[in-house]
Amino acid sequence: ECDCHIHHTYRYTDAIHCVRGNGGTDLRPPFAAELVQQHGRDGVIYFTDGQGPWPEQPPSVPVLWVLVQHLPFACPWGARAHLRREEPVGADLPF
């Protein structure tokens, strides 16, 4: 969970009910090599609007960007999925 810095890291094991974050996102901190190695990650799933700087080089693990808004996102690496919702996406997101 992060915005301009990491608040919490954990392995995904079940439904995500609530996460901490805010505006001013910097997409780079979760991909720091020492963090990826420290947690022995098999991959990273990143829920984001895609607005913020991303690392120039991809990490050593697969990445899935789950884009929660339909805004331009030009990161050249990682797989993408778009979260579809019936209602407009806003501050009421459960994550």
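Helices and strands are here DSSP runs, numbered from the N terminus, with at least four residues for a helix and at least two for a strand. In those terms the protein follows the pattern α-β-β-β along its sequence. The model is predicted.

**Figure 1. Overview of the predicted model and its secondary structure.** The protein contains 1 helix and 3 strands. Read from the start of the sequence, these elements come in the pattern α-β-β-β. Of the 95 residues, 27% count as buried.

**Figure 2. The open sheet of 3 strands.** The strand order is β1-β2-β3, and the pairing is parallel. Strands β1 and β3 (79-82) are the edge strands, each pairing on one side only. From one strand to the next the twist averages 20 degrees. The pairing of β1 with β2 runs over 5 bridges in the parallel sense, and that of β2 (residues 63-67) with β3 runs over 4 bridges, also in the parallel sense. Strand β2 is mostly covered, with 4 of its 5 residues buried.

**Figure 3. Bridge partners across the sheet at Val66.** Phe47 lies in strand β1 (residues 44-48), and its bridge partner in β2 is Val66. Val66 in turn stands opposite Ala81 in β3. A row of residues can thus be followed from Phe47 to Val66 and from Val66 to Ala81. In a regular strand the side chains alternate between the two faces of the sheet.

**Figure 4. A nonpolar surface patch that includes Phe47.** Tyr10, Tyr12, Ile16, Ile45 and Phe47 make a nonpolar patch of about 500 Å² on the surface. Phe47 has a relative accessible area of 36%, so this residue is classed as partly exposed. Residues enter a patch if they have over 30% relative accessible area and no salt bridge, and the 36% of Phe47 is the value to set against that cut-off. Phe47 also belongs to strand β1.

**Figure 5. The aromatic pair Phe31 and Trp77.** A search of the whole structure finds 7 aromatic pairs. In the pair shown, the ring centres of Phe31 and Trp77 are 5.4 Å apart and the planes stand at 90 degrees, so the arrangement is edge-to-face. Phe31 sits in the segment before α1 (33-39) and Trp77 in the loop between β2 and β3; the two are 46 residues apart, and the pair links distant parts of the chain. Phe31 counts as buried because its relative accessibility is 8%. Trp77 counts as buried as well, at 9%.

**Figure 6. The aromatic pair Trp54 and Phe73.** A pair of aromatic rings is described by the distance of the centres and the angle of the planes. For Trp54 and Phe73 the centres are 5.8 Å apart and the planes are at 65 degrees, so this pair is edge-to-face. The pair links distant parts of the chain: Trp54 is in the loop between β1 and β2, Phe73 is in the loop between β2 and β3, and 19 residues separate them. Trp54 is partly exposed, with a relative accessible area of 27%. Phe73 is buried, with a relative accessible area of 14%.

**Figure 7. The aromatic cluster.** Phe31, Tyr46, Trp54, Trp65, Phe73 and Trp77 form one aromatic cluster. Among its members are Phe31 and Trp77, which pair edge-to-face, and Trp54 and Phe73, which also pair edge-to-face.

Methods:
Residues are numbered from 1 along each chain as its sequence is written. This is a predicted model: local features need pLDDT of at least 70, side-chain atom pairs count only at pLDDT 80 or more; totals for chains, interfaces and linings use all residues. Side-chain values use heavy atoms; hydrogens and water are left out. Patches are made of residues with over 30% relative accessible area and no salt bridge: like charges are joined within 9 Å, nonpolar side chains (Val, Leu, Ile, Met, Phe, Trp, Tyr) within 5 Å. Accessible areas come from the Shrake-Rupley method with a 1.4 Å probe; for residues, only the protein chains shown count as cover. A salt bridge is a side-chain nitrogen of Lys or Arg within 4 Å of a carboxyl oxygen of Asp or Glu. Buried means under 20% relative accessible area, exposed over 50%, partly exposed in between (1.4 Å probe, protein chains only). Two strands pair if DSSP finds at least two bridges between them. Axes are lines fitted to C-alpha atoms, for helices over the stretch in contact, and angles run from 0 to 180 degrees between N-to-C directions. Rings of Phe, Tyr and Trp (its six-membered ring) pair if their centres lie within 6.5 Å; planes under 30 degrees apart count as stacked, over 60 as edge-to-face and the rest as tilted.
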